[in-house]
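The following paragraphs give an account of the disulfides and of the exposure of selected cysteines. Please keep the sequence and the structure in view while reading.

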Amino acid sequence: MLTLAWRRTASTNSRAEPARLLSVAFLGAESRQQTPGCSVSGLRHSVTIHTPSSYRRRLLKPPAARYCFSPSACLSMASGSEGPVVPPSTSNGHNNRLIKERSPYLLQHAHNPVDWYPWGQDAFDKAKNEDKPIFLSVGYSTCHWCHVMERESFEDEEIGRILSENFVCIKVDREERPDVDKVYMTFVQATSGGGGWPMSVWLTPDLRPFIGGTYFPPRDSGRRPGLKTILTKILEKWQNNRAALESSGERVLEALKKGTAVAAKPGETPPLAPDVASRCFQQLAHLYEDEYGGFRVAPKFPTPVNLMFLMSYWAVNRSTSEGAEALQMTLHTLRMMALGGIHDHVAQGFHRYSTDSSWHVPHFEKMLYDQAQLAAAYITGYQVSGEQFFADVARDILLYVSRDLSDKSGGFYSAEDADSVPASGGPEKREGAFCVWTSSEVRELLPDMVEGATPGTTQADIFMHHYGIKEQGNVDLEQDPHGELQGQNVLIVRYSVELIAARFDISVEKVNDLLASARTKLAEVRKSRPRPHLDTKMLASWNGLMLSGYARVGAVLGDKALLERAVQAANFLKEHLWDAERQSILRSCYRSDDMEVEQISSPICGFLDDYAFVVCGLLDLYEATLQTEWLEWAEELQLRQDLLFWDAQDGAYFSSNANDATVLLQLKEDQDGAEPSANSVSAFNLLRLSQYTGRTEWLQRSEQLLAAFSDRLTKIPITLPEMVRGLMAQHYTLKQIVIAGQRDAPDTNSLLAVVNSLFLPHKVLILAEGDEQSFLYQRLPFLSSLSTQQGGAATAYVCQDFTCALPVTDPQELRRLLLDGHTEAQDD
């Protein structure tokens, strides 16, 4: 597999040798051998690390603990725990400072016998005043191995005492503070070759890391030291050889500052888009798994950024074999995911990823950002194929989000956990307990005989055959070494409704009715089961992604209810996550105990992804509703983003505010993974905004941003498929589709429906209502000449660089004009 974007290797010259010797003294000579590959817990990136073929996250073995003093010496340790997770503690007589926080993850640790601090000045001051090393622990509330480490170590009285007496202990929710997480994850990856959560890093009082790792078991197992031993050894080295610890960490940081730099050379321009896009396609095609779709054997991630790129590639290469292949890869992957167990057939939505190659047995966590991007990918699949199946899946996703991840304020919650207490009871949570079924449960719920079918056929027979339910369970031992899914079934479509109809001698319509009725019955039973933990934190960035999802699906389907939900989400962002006085997006807000939205005493200012994803959502919302208030706010936010994050010297945006002295590395995210990188989204946002506002400086800024990433785009564009889409949009030039007509008039809506029915990746949509004082008319003087309605009917103008084709009033003529424009784009 290609060397991936955010996995870096620091310098390993002779200056690192003292750290190597220190590591040997700490670990013992027999422990120096590195485990090949890397093991991670809950890593939310689809192609971010190399994973050994035997590793399937928690389903095969616990993550290896990795800690290093330098890039040249590190150790991997296996876990000492093989059992299922018990629920995080709720009360054991301990309360620490985290009890005052609102993050669900931090609150999970509020009763640990550890003197936890949240990230902030109080902790930093204590470390400096008492001259103690900092123990930084980073995770998130639905992270399985974070729960394991809490149960095994942070609830342990002895380990808690060692930590509290000798370290300043800081707990960070990576979703609240992605800036902190990215800096220290970069360090851990550089020094160990892998990363994941929980992340464990030891810092000097001035926040410089000197040892880092992921999960650690509590005590020694064979030759592998546990957390207690590691803490003891670190204290010994801190007291007796502190200079060596600090110097090794300092060298790594300096190497990382050089190795993570993203900058445009003087006079550099972006690479040629057709060449980059072709290379990105070829790299994806090389990794494509053609039986079940997706881009690796296992584990398999949805990777919507890859799918959106492939559909954009097809849009400008429709007549080529490569374009046809790109479309086939995309639609097959979308179809197989929707039929697979990664898709929740009973309660809708998608799980985080599949542990096997056939999308069957998932890691059952559900993330908001997955739902947002997959909704957009499936509705785009509907646009390019015309298949209702893909539109139904997009609706299905939004049904889940509306029901289970929505706050009454209009905001969206972050995630649902993978683990929950089985309906049969007991103190131990199990992976997927909320979602799986035994054959006896299904037979008991669906006993009715099917009239007209093969004699003796019950509704259960049809349901079980369709969804691959077996009497002894359908989960292979390889996917369930802990026995948590023994005898259970994960629903996966094994036979089409046509084959089911033929097998049981009934009509396709009747099969569909029976399956829908059965799913409803199972959904009712689900409601009575203990639910997984819900992370009710509401993040600006992920809400921005979800805003795009609702806006795009609502526009394509012409669904006013979905568009109203999108507007509600935008109003939520403006009311609860926008500080108008400070002109700042806020990173997060929270659901209080009385179900109201609340904020912490010192709100976290937004990061680059908060601005970029919200701006994108607002642009999508404008094109869906044509209400210019969303364009105006998008412009305001983009101006603020430029002020806070733009690197005027080297181009592109920093991920966090460069003025924050507590962030040791100013990073520019250079990978589109589980989420698109904010720079990738910004490249496209700037192009779109330049068309809506007439600000040519934003067109230039987009070019500068793309030039800064030229090296990566040229060599391994597979790491930045969303940015490649932005590069393509710049190359092919965005078309302006101007509809001159009255809002909500039938003829206007007919033209808009044509535009929304097509996947047009390189366009902006504008409604010209004739109001010369409006936002768009003030910014785009050329609109004044396009307000004429031919023959009094709504009229469409298709323009490029503000030069327009002849106006059309007939929806089918507009359709032909837009499709012909795509054909011409191939010859540019």
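A disulfide is taken here as a pair of cysteine sulfur atoms within 2.5 Å. The model is a predicted one, in which local features need pLDDT of at least 70 and side-chain atom pairs count only at pLDDT 80 or more, whereas totals for chains, interfaces and linings use all residues. Residues are numbered from 1 along each chain as its sequence is written, and side-chain values use heavy atoms, with hydrogens and water left out.

Searching the whole structure yields 2 disulfides. When the bonded cysteines are counted along the chain, the pairing follows the pattern 1-2, 3-4.

One of these bonds links Cys143 with Cys146, at an S to S distance of 2.4 Å. The torsion about this S-S bond is about 80°, and the disulfide of Cys143 and Cys146 is therefore right-handed. For exposure, buried denotes under 20% relative accessible area, exposed over 50%, and partly exposed the range in between (1.4 Å probe, protein chains only). Cys143 is buried, its relative accessible area being 0%, and Cys146 is likewise buried, at 1%.

The sulfur atoms of Cys799 and Cys804 lie 2.0 Å apart and form a disulfide. Here the torsion about the S-S bond is about 95°, so the disulfide of Cys799 and Cys804 is right-handed. Cys799 has a relative accessibility of 1% and counts as buried, while Cys804, with a relative accessible area of 30%, is partly exposed.

Two further cysteines may be considered for their exposure. Cys435 has a relative accessible area of 12% and is therefore buried; Cys616, at 17% relative accessibility, also counts as buried.
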